[in-house]
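Me: Got a minute to go through this one with me? I'd like to talk strands, salt bridges and helix packing.

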Amino acid sequence: MKGFPNPPGELILLKLGGSLITDKKQARTLRRETLARLAGEIAAAVHQRPSLNMVVGHGAGSFAHVSAKRYGTRQGVRGKEQWQGFAEVWWDAAVLNRLVVDAFREVGLPAMALPPSAAVVAKDGQVERWDLGPLQAALQAGLIPVIHGDVIFDSLRGGTILSTEDLFSHLAVQLHPGRMLLAGIEPGVWQDFPNRTTIIPKITPQNFQELLPVISGSAATDVTGGMLDKVKQCVALSQELPGMEILIFSADEAGILLKVLLGTSQGTMISDSEK
């Protein structure tokens, strides 16, 4: 946005998946110790690499996916009951967001929540308008903007839900990060889900069609799509932004997130390059 250039240094978009920070099998259940550890690893990375800038996003996990599925919010919002559900999904997502920001504060990270529901307008499930001035100003000030999958007012559907990946896709085009890191509990994209014996090391626009039949969806309930939808979105983004590296990996083991933030590759890489 005019007046708020990207800050100097490396910019990363980091997603903490809902399955990583919550127990998706139990409604509104936080994996508190895991979240605290992840916050500590982010703080350690920022300390070791002061030039690192990041926008953190997180999934809704067991806090909002249950209510979102009950009301069908992503498909559209019409009528009093669905709008009541829209508000309930917003509340669930906001509760989790506050817990994430609180965990960051505990380790001294200068995090600031910027809820998409207050800034984004969608059209048929896609970002139509997003004033990025506050987010870019936060980056310029050395803060860590925290966004999340959220309910969004939609000019065609009335209301909808945009996932963190939906929001990151828009941010990536606007901010041109060097890396987009999608941390979950799966160690990458499985070639043989649900058997889980072989990880696909790299996906490119060139080999995606060949791999398409073997990539399956997520095992857990997710109203914003499973692994296949996520990979499709990432492949399209890699074509639009040549040179950007996207990693899908597990941060469920201590120390992995720190290593990845400091430059290590882990899990499945998605990029436009076959090298």
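Reply: Sure. One term before we start: two strands pair if DSSP finds at least two bridges between them. Also keep in mind that this is a predicted model.

Me: OK, with that in hand, how do E2 and E6 pair, and over how many bridges?
Reply: Strand E6 covers residues 144-148, and E2 pairs with E6 in the parallel sense over 3 bridges. For one partner, look at Gly-57, which is bridged to Ile-147 in E6.

Me: And what joins E1 to E2?
Reply: There are 7 bridges between E2 and strand E1, residues 10-16, and the two run parallel. Ile-12 has Met-54 as its bridge partner in E2.

Me: How many residues of E2 are buried?
Reply: E2 spans residues 52-58, and 7 of the 7 are buried, so the strand is largely enclosed by the rest of the structure.

Me: Which residues of E2 point which way?
Reply: Leu-52, Met-54, Val-56 and His-58 go one way, while Asn-53, Val-55 and Gly-57 go the other, and all of them are buried.

Me: Switching to charges. How many salt bridges does the count come to?
Reply: The count comes to 14 salt bridges. One of them is between the side chains of Glu-10 and Arg-49, at 3.3 Å from N to O. That pair links distant parts of the chain, with Glu-10 in strand E1 and Arg-49 in the loop between helix H2 (32-48) and E2, 39 residues apart.

Me: What's the relative accessibility of Glu-10, and what's the figure for Arg-49?
Reply: Glu-10 has 25% relative accessibility, so it counts as partly exposed. Arg-49 is partly exposed too, at 26%.

Me: What does Lys-15 form a salt bridge with?
Reply: Glu-165, with the closest N and O atoms 2.8 Å apart. Lys-15 sits in strand E1 and Glu-165 in helix H6 (residues 164-175), so this pair ties together parts that are 150 residues apart in sequence.

Me: Is Lys-15 buried or exposed? And Glu-165, buried or exposed?
Reply: Lys-15 is buried, with a relative accessible area of 10%. Glu-165 is buried as well, at 7%.

Me: While we're at Glu-165, how far is Lys-230 from it?
Reply: From C-alpha to C-alpha they are 7.3 Å apart in space, and they are 65 residues apart in sequence. Lys-230 belongs to helix H8, residues 227-240, and with 22% relative accessibility Lys-230 counts as partly exposed.

Me: What does Lys-230 touch, not counting residues up to four places away in sequence?
Reply: Glu-165, Leu-182 and Ile-248.

Me: Back to salt bridges: which side chain meets Asp-252 in one?
Reply: Arg-31, at 3.1 Å from N to O. Asp-252 is in the loop between strand E11 (245-250) and helix H9 (256-261), and Arg-31 is in the loop between helix H1 (18-21) and H2, so the pair ties together parts that are 221 residues apart in sequence. Asp-252 is partly exposed, with a relative accessible area of 33%, and Arg-31 is partly exposed at 27%.

Me: Which residues do salt bridges that share partners join into one network?
Reply: Arg-28, Arg-70, Glu-88 and Asp-92.

Me: Helix packing now. At what angle do the axes of H2 and H4 cross?
Reply: Roughly 50°, and the axes come within 9 Å, with H4 covering residues 79-106. That angle makes H2 oblique to H4.

Me: Which residues make the contact?
Reply: On H2, Arg-32, Leu-35, Ala-39 and Ile-42; on H4, Leu-99, Val-100, Ala-103 and Phe-104.

Me: Right-handed or left-handed crossing?
Reply: H2 passes H4 in a right-handed crossing.

Me: Last topic, H3. How many of its residues are buried?
Reply: H3 runs over residues 61-71, and 8 of the 11 are buried, so that helix is largely enclosed by the rest of the structure. The buried residues are Gly-61, Ser-62, Phe-63, Ala-64, His-65, Ser-67, Ala-68 and Tyr-71.

Me: What covers the buried residues of H3?
Reply: The cover includes H1, H4 and strand E8 (158-162).

Me: And what follows H3?
Reply: Gly-72, with a positive phi near 65°.

Key: Residues numbered from 1 in each chain as written. Predicted model: local features only at pLDDT ≥ 70, side-chain atom pairs only at ≥ 80, totals over all residues. Heavy atoms only, no water. Buried < 20%, exposed > 50% of the residue type's maximum accessible area, 1.4 Å probe, protein only. Helix = DSSP H or I, 4+ residues; strand = E, 2+ residues; numbered from the N terminus. Salt bridge = Lys/Arg side-chain N within 4 Å of Asp/Glu carboxyl O. Axes fitted to C-alpha atoms, helices over the stretch in contact; angles between N-to-C directions. Parallel < 35°, antiparallel > 145°, perpendicular 65-115°, else oblique. Left-handed = near helix turned anticlockwise from the far one by under 90°. Contact = heavy atoms within 4.5 Å.
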